[in-house]
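Subject: A structure for you to look at

Hello,

Here is the structure I promised to pass on, with its sequence alongside. Have a look around first, and then read my notes below.

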Amino acid sequence: MIHTGSNPPNNPKIKAVAIIPARYDSVRLPGKALLEIAGKPMICWVAERALAARSVSRVVVATDDDRIFEAVKSCGFDAVMTRADHPSGTDRIAEVAQALDEDIIVNVQGDEPAISPETIDAAVNALVEDPECGIATTWEPMESAADVLSSDVVKIVVDENDRAVHFSRSPVPYPRDAVRQHGGLQQALENDPSLLARFRKHTGLYVYRREVLLALASWRQTELERTEFLEQLRALGHGVKIKAIKATTASIGVDTLEDLERARRSLEFKVPSFEFGAQAPNSKL
């Protein structure tokens, strides 16, 4: 295990840098970072929402694509070109974080244009206030039995201290007695909707202590991570404690055309709370 730091809680001097990894290639929606939502590329919506968080002093988009780089810069936000051979977004933001001095790094997914600034603030505060944790992340309540049964929806199990115990694509925790009573998990969820409250849907927001992020990117994949294809299991496998809090509002991850239309309906009448592209002046790596 590595040292996770001991920043005092509620320190007003602690400011986070949000790094948004963005690739052009996408299996289901090629070029989705540049898809237009209410007159702006989706990646610029994400940057705007991240910068609206009070705990975030700066936003940087990390990409290996010239088109994304130019679109972000034209909107007034910082963008950095990274290597093209990164296996994950975590590795991409770690490359950028190496050149930063800030202790708190926020990994905001580039396909969540409606992410709540309040959720970002809550996750940053949760990490700062729990010095034993090296990472903070978020979860949302399950909306349907289909989500519980879907391997595309990652489940998180937390303990009484709101720390992550496990992440899985399988339905965890497994309600054994209810399954036996109803003859199967799907039947149990359909017959007893209250069971949904036992499950939590993990969302893709992460807040790292910088030293933990850099260490995570240097560690080899664990067998459990390779089995589930979940990077966060690498952190747990190396003894990193992960704080897990409930998101203040549900976000919209854009993976399909249906998701894109939902995001467009959500944002088309939105009035930005601050001037678009109002990045801190003269910010440089």
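A word on naming before anything else: helices (H or I, at least four residues) and strands (E, at least two) are DSSP runs, and they are numbered from the N terminus. With that naming, H2 is followed by Gly 76, a residue with a positive phi, near 95°. Please keep in mind that this is a predicted model.

First, the overall picture. The chain has 285 residues, and 52% of them count as buried. Its secondary structure comprises 11 helices and 11 strands. Among contacts with a separation of 6 or more, 71% are between residues 24 or more positions apart. The accessible surface is about 13,700 Å², with 48% of it belonging to carbon and sulfur atoms.

A good place to start looking is strand S4, residues 56-63, where 7 of the 8 residues are buried. S4 has a parallel partner in S1 (residues 16-22), joined to it by 7 bridges. In that pairing, Ala 16 stands opposite Val 56. S4 also pairs with S5 (residues 78-81), again in the parallel sense, over 4 bridges. Here you will find Thr 63 opposite Met 81.

How do S4 and S5 fit together with helix H2? The three make a right-handed β-α-β unit, with H2 spanning residues 66-74. Within H2, the buried residues are Ile 68, Phe 69, Ala 71 and Val 72. Looking down the helix axis, these buried residues fall within an arc of 170°, so they line one face of H2. S1, H1, S4 and S5 are included in what covers them. On the face turned away from that buried side, Asp 66 and Ser 74 are exposed.

Helix H1 makes a nice comparison to click on next. Its buried residues include Met 42, Trp 45, Glu 48 and Arg 49. In fact, 10 of the 10 residues of H1 are buried, so the helix is largely enclosed by the rest of the structure.

Now for the interior. In soluble globular proteins, nonpolar side chains tend to be buried together. In this model, the largest nonpolar core has 36 residues, and Val 106, Val 108 and Ile 120 are those with the most contacts inside it. At least two residues of this core come from each of S1, H1, S4, H2, S6 (104-107), H4 (117-129) and S10 (200-209). Apart from it lies another core, this one of 31 residues, including Ala 94, Ile 105, Val 212 and Leu 213.

Which residues does Val 106 touch, leaving aside those up to four places away in sequence? They are Ala 16, Val 17, Ala 18, Ile 19, Ile 120, Val 124, Leu 205, Tyr 206 and Val 207.

One last spot to visit is Asn 161, in the loop between S8 (155-158) and S9 (164-168). Asn 161 is partly exposed, at a relative accessible area of 44%. Although Asn 161 and Ala 244 are 83 residues apart along the chain, their C-alpha atoms are separated by 9.0 Å.

Enjoy exploring, and do write back with any questions.

Best wishes

Conventions: Residues numbered from 1 in each chain as written. Predicted model: local features only at pLDDT ≥ 70, side-chain atom pairs only at ≥ 80, totals over all residues. Heavy atoms only, no water. Buried < 20%, exposed > 50% of the residue type's maximum accessible area, 1.4 Å probe, protein only. Pairing = 2+ DSSP bridges. Right-handed = clockwise from strand over helix to strand, strands pointing away. Core = buried A, V, L, I, M, F, W, Y, C linked by side-chain atoms within 4.5 Å. Contact = heavy atoms within 4.5 Å. Arc of directions from axis to C-beta. Areas by Shrake-Rupley, 256 points an atom, 1.4 Å probe, with all protein chains shown as cover.
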